[in-house]
2 protein chains.
Amino acid sequence: MKIGIDIMGGDYAPKAPLKGIANMLPSLPEDVELVLLGDQAVMDQYKSLLDPEHHDQVSFIPTTQVIEMGESPTKAFNNKPEASMAVGLNHLASSQFDVLISAGNTGALMVGSLYTVKPITGIIRPPLTTLVPKPDGNFGIILDVGANPDCKPEVLNQFGILGTMYLNSVYNIQNPRVGLLNIGTEPEKGNVNAQNTYRYITDHSNNEINFAGNVEGYDLFRDKAEVYVCDGFTGNIVLKSAEGIFELIKKRGITDEYFKHFDFENHGGTPILGINKPVIVGHGVSTPTAFENMVKQGQKVVKSNLVNHIKKAFET
Amino acid sequence: MKIGIDIMGGDYAPKAPLKGIANMLPSLPEDVELVLLGDQAVMDQYKSLLDPEHHDQVSFIPTTQVIEMGESPTKAFNNKPEASMAVGLNHLASSQFDVLISAGNTGALMVGSLYTVKPITGIIRPPLTTLVPKPDGNFGIILDVGANPDCKPEVLNQFGILGTMYLNSVYNIQNPRVGLLNIGTEPEKGNVNAQNTYRYITDHSNNEINFAGNVEGYDLFRDKAEVYVCDGFTGNIVLKSAEGIFELIKKRGITDEYFKHFDFENHGGTPILGINKPVIVGHGVSTPTAFENMVKQGQKVVKSNLVNHIKKAFET
């Protein structure tokens with residue numbers, strides 16, 4: 001398995017990804033090869049730090065441009081074809097990698113993935129996702145969390161299917177319940193789009209998903225559903241407000257076993273769902289541990305064969 | 001000052017409001033009179049518990065119907081003209097009370113307020129609000145949190161003005177910053193409605209508000225703005241997901257000075273902004289302490305003359 005890693009992406013790049021890679025090498029499965037994309041100078045420096053025992057599991061592709069965190073996604077991707085992220089996506093698209101990992105500019109990574117790796121035929125809008133730890137130790141998933149600020153009912157219905165397939169393939173959660181994030185549980189609740197979506201999913205689900213109806217904000221942390229479907233506007237604001245609270249929990253020195261699971265470091269990143277190859281999106285503030293876990297997540301996603309399952313489900 | 005209290009509203013009614021009233025009586029200012037609305041039998045029982053010293057500060061209006069928590073708001077309000085909530089709103093509309101307090105069915109309280117007390121001329125859609133405690137001890141306000149799931153830019157602009165006036169009049173926060181809740185800080189970020197709203201507010205604010213531009217989910221708990229403007233769909237989901245997290249914080253026995261402030265009990269309730277008389281909306285799960293604080297909030301709102309300030313601002 002070949003894993004491409006954009007070592008120039010993220011607020012703490014290239015230090016954080018390189019440290020993460022050094023840490024993970026001793027326990028890296030023998031059949032996994034890491035291909036690092038980034039500046040020649042950075043890589044030369046890194047080579048000297050690398051344990052020679054693992055030299056054969058790491059290779060380098062020098063790149064000459066970097067997409068910065070604050071750049072306009074479309075412009076950045078168009079103007080910087082030699083950026084680590086762009087070169088990585090091209091290698092992924094041409095099957096030279098099995099998966100690409102990046103904690104760089106999320107918008108650019110999304111735009112670039114749509115241009116190069118392309119959506120699976122039948123998928124209208126690939127979503128970004130985040131995992132929500134459940135008090136019972138399981139995981140839920142929220143989608144979309146920012147890629148698609150406005151989503152029609154048929155798009156939200158697809159999110160339900162994609163989330164179901166992800167939890168099923170990667171986390172072995174069978175028949176997860178799909179909840180439509182809303183402001184009340186009755187079918188007629190919500191804004192116009194949520195009302196239409198409730199009807200659309202009820203009419204079209206065809207047993208592809210286990211629709212649990214409308215769920216409310218507090219149900220994200222209760223045993224009401226595993227897949228939480230919403231537009232990227234709502235999902236992004238909910239995700240970031242939760243992050244704001246966890247930031248405070250950390251800052252105030254509160255240590256708690258359950259809330260530890262909320263640290264994005266623990267899973268590192270999640271795949272963009274519904275594109276032709278797996279791209280693992282990391283958080284901008286990714287630490288070495290986050291990169292380690294992103295590489296693990298990448299292996300899981302490749303082994304699960306998730307992309308092919310989705311292709312099969314949408315090919316008709 | 002006459003404060004009407006719906007003692008039949010809330011999950012723990014009538015026990016919780018009556019216990020709250022018994023607790024608050026000893027320290028109730030002499031110029032405040034409480035008028036309780038509810039079943040005759042409940043009130044007879046209560047009278048016997050009431051400290052005779054304060055009998056002159058409490059009176060009763062017997063009512064014969066109750067709007068239940070799960071009822072359809074419009075139907076409930078139309079079919080139950082003798083409900084404690086409806087009778088209370090009519091007394092408020094005809095100036096027999098200075099403020100009405102209820103922890104009953106929020107939808108019905110909203111619908112009833114719009115029918116009887118009516119929006120202030122010029123206000124398109126009165127919002128529901130919630131207070132957000134800031135780490136520095138101050139308060140922010142989010143509006144709308146559920147009354148208006150779809151909001152046009154001019155409605156969101158009015159929320160900015162209403163939130164500013166509320167923080168100004170009731171909490172003496174001068175020139176609060178108004179942030180548009182969004183998924184990025186750049187003006188072009190967000191769904192179509194948020195993009196239009198950013199432009200609308202920039203074009204129309206006329207120095208009535210101190211517009212701080214777009215703010216993100218985590219900014220709710222940071223020093224970025226005091227007034228957070230969003231549609232009631234987004235606001236309700238954000239509020240309830242935060243409630244879900246605080247529920248877990250409590251459940252897991254975490255005690256922390258700052259997070260204590262998140263307990264809605266501490267302020268009890270908030271007024272519906274932009275209607276002709278103050279109605280204080282409590283949380284369905286209001287406890288005696290919450291009722292005590294709702295009555296305090298009611299006094300604050302009346303003394304601040306908030307409603308007249310809003311009337312004056314919108315009368316042109």
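This dialogue covers the symmetry, the fold and the ring pairs of a predicted model.

Trainee: How are chain A and chain B related, by what rotation and what shift?

Mentor: Two copies of a chain are related by a rotation about an axis and a shift along it. Here a rotation of 180 degrees with 0.0 Å of shift along the axis places chain B on chain A, at an RMSD of 0.0 Å. That is the relation of a two-fold axis. Both copies use the same surface: 100% of the contact residues of chain B recur in chain A.

Trainee: How many helices and strands does chain A have, and how does its radius of gyration stand against the globule rule?

Mentor: Chain A has 11 helices and 11 strands. Its radius of gyration is 19 Å, close to the 20 Å from the globule rule for 316 residues, so chain A is as compact as a globular protein of that length. Of those 316 residues, 59% are buried. Among contacts in chain A with a separation of 6 or more, 70% join residues 24 or more positions apart.

Trainee: Which aromatic pair could serve as an example, and what is its geometry?

Mentor: Rings are judged by the distance between centres and the angle between planes. Over all chains there are 12 aromatic pairs. One of them, Phe246(A) with Phe259(A), is tilted, at 6.0 Å centre to centre and 45 degrees between the planes. Phe246(A) lies in helix H8 and Phe259(A) in helix H9, so the pair ties together parts 13 residues apart in sequence.

Trainee: Are these two rings on buried or exposed residues?

Mentor: Phe246(A) is buried at 14% relative accessible area, and Phe259(A) is buried at 7%.

Terms used:
Residues numbered from 1 in each chain as written. Chains lettered and ligands numbered in written order. Predicted model: local features only at pLDDT ≥ 70, side-chain atom pairs only at ≥ 80, totals over all residues. Heavy atoms only, no water. Phe/Tyr/Trp six-rings, centres within 6.5 Å; stacked < 30°, edge-to-face > 60°. Helix = DSSP H or I, 4+ residues; strand = E, 2+ residues; numbered from the N terminus. Buried < 20%, exposed > 50% of the residue type's maximum accessible area, 1.4 Å probe, protein only. Least-squares fit on C-alpha atoms with pLDDT ≥ 70 in both. Contact = heavy atoms within 4.5 Å. Rg over C-alpha atoms; globule rule 2.2 N^0.38 Å.
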